[in-house]
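Some comments on the model follow, as numbered points. They cover two helix pairs, one residue and the surroundings of two ligands.

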Amino acid sequence: MNTVTLGRTGLTVNKNGFGALPIQRIPKEEAVAIVRRALDGGITFFDTARLYSDSEEKLGAALAGRRGEVILATKTPATDAAGFWRDLDASLAALQTDYIDLFQFHNPAFCPKPGDGSGLYEAMLEAREQGKIRFIGLTNHRLHVAREAVESGLYDTLQFPFCYLASPDDLALVESCRQHGVGFIAMKALSGGLIQNSAAAYAFLAQFEGVLPIWGVQRMAELEEFLAYGENPPALTEELQALIERDKLQLAGDFCRGCGYCLPCPAGIEIPNAARMSLMLRRSPPAPWLGEEWQAKMAKIDDCIHCNHCVNHCPYGLDTPKLLHQNYEDYKTFLK
Ligand code: SF4
Ligand code: SF4
């Protein structure tokens, strides 16, 4: 079995991590069956979040009686100590456990530190003292916050987007984690659906010894694919390498990653897909995007009131209204 040790935590887990965001979209029985199959297939690291609606509850139900077999990670978006404790207690209850292995700050706009006035890091320390959590982590989409967390010595793990489209800065961050003994958890290894070849994604990440990819799983077939890769890892062949190079060229520069941090939009625009429609149309079967439902959703782009909420919340610094407009113009050419 391929394994990864998460930096100084010493936690050694299956190289395939389970990302539990998508199970919020499927019925509970299906979610429970998928999580149990993952467990039986050897997956040992499960990552969820307070913000993923009922994901923690489904995970808790699936793991009942088998808690000791897994490493459980969740996240809080709290911005103060009171919110932190509310979230931690709610997560423990939903996950049906009395401890969380890895508790992470969920994409904070700054790197929480002792004495910064927020009380967040002090709450983490107290929770660890009380035995409610074992390790302290941070997730982020902003390079500067991620770097600060790694270099601060305050965090056991970092969760950050990492896939074969990685920039030199992203690669340097992975190396910095290795040097600082910080476990690196890779999210968005399929870049929110833009990467269609999972074998290439898997083979790229397999090169990084200390990196744990978490795969967002919604269907049993997707899970089986990753379990099969665990058994017979795909090699980074010349053919896959060429595909990666082609994707890098096509996806160079500023593009919407579909993370959703810009939501809610007061005009009701579904930004995460609308702002990358041109890519979706060219990189996935276009028919579902061209139906009546998406035509109506794309038409909402005309209702943008230019409030700039999206611009101020996009961790990639995108000019989202402009991107939406460009994508809508391109979309109309497909309709013709
Ligand atoms: S600027 Fe437009 S797209 Fe962005 S949040 Fe405001 S209304 Fe929505
Ligand atoms: S516009 Fe920015 S914040 Fe919104 S989904 Fe795209 S990448 Fe994420």
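1. The model is a predicted one. A convenient place to begin is alanine 61, which lies in helix H2, spanning residues 55–63. Alanine 61 has 18 C-beta neighbours inside 10 Å and therefore counts as partly exposed, since the buried class begins at 20 and the exposed class ends at 12.

2. Leaving aside residues up to four places away in sequence, alanine 61 touches Lys28 and Val32. Between alanine 61 and valine 35 the C-alpha to C-alpha distance is 9.6 Å, with a sequence separation of 26 residues.

3. The pairing of H2 with helix H1 (residues 28–40) comes next. The axes of H1 and H2 are 9 Å apart, and the packing angle is about 55°. H1 and H2 are therefore oblique to each other, because an angle of that kind falls outside the ranges for roughly parallel, roughly antiparallel and roughly perpendicular. The crossing of H1 past H2 is right-handed.

4. On the H1 side, this contact is made by Lys28, Ala31, Val32, Val35 and Arg36; on the H2 side, by Lys58, Leu59, Ala61, Ala62 and Leu63. By class, the contact of H1 with H2 has seven nonpolar and three charged residues, and no polar ones.

5. A second helix pair is formed by H5 (residues 143–152) and H6 (residues 168–180), whose axes are 10 Å apart and meet at an angle of about 15°. H5 and H6 are therefore roughly parallel to each other, as the angle is under 35 degrees. H5 passes H6 in a left-handed crossing.

6. Which residues does H5 bring to H6? They are Leu143, Ala146, Arg147, Val150 and Glu151, and they meet Asp169, Leu173, Ser176, Cys177 and His180 of H6. The residues of this contact of H5 with H6 comprise five nonpolar, two polar and three charged.

7. Around ligand 1 there are 14 residues, of which Cys265, Cys304, Cys307, His309 and Cys310 come nearest. Helices H14 (309–313) and H15 (320–335) each contribute at least two residues to this shell. H15 gives the largest share, three residues. The shell around ligand 1 holds ten nonpolar and four polar residues, with no charged ones.

8. Ligand 2 is surrounded by 15 residues, and the closest are Cys256, Cys259, Cys262, Pro272 and Cys314. In the shell around ligand 2, eleven residues are nonpolar, three are polar and one is charged.

Technical notes
Residues numbered from 1 in each chain as written. Chains lettered and ligands numbered in written order. Predicted model: local features only at pLDDT ≥ 70, side-chain atom pairs only at ≥ 80, totals over all residues. Axes fitted to C-alpha atoms, helices over the stretch in contact; angles between N-to-C directions. Helix = DSSP H or I, 4+ residues; strand = E, 2+ residues; numbered from the N terminus. Parallel < 35°, antiparallel > 145°, perpendicular 65-115°, else oblique. Left-handed = near helix turned anticlockwise from the far one by under 90°. Contact = placed C-beta atoms within 7 Å. Nonpolar A, V, L, I, M, F, W, Y, C, P; charged D, E, K, R; others polar. Near = placed C-beta within 6 Å.
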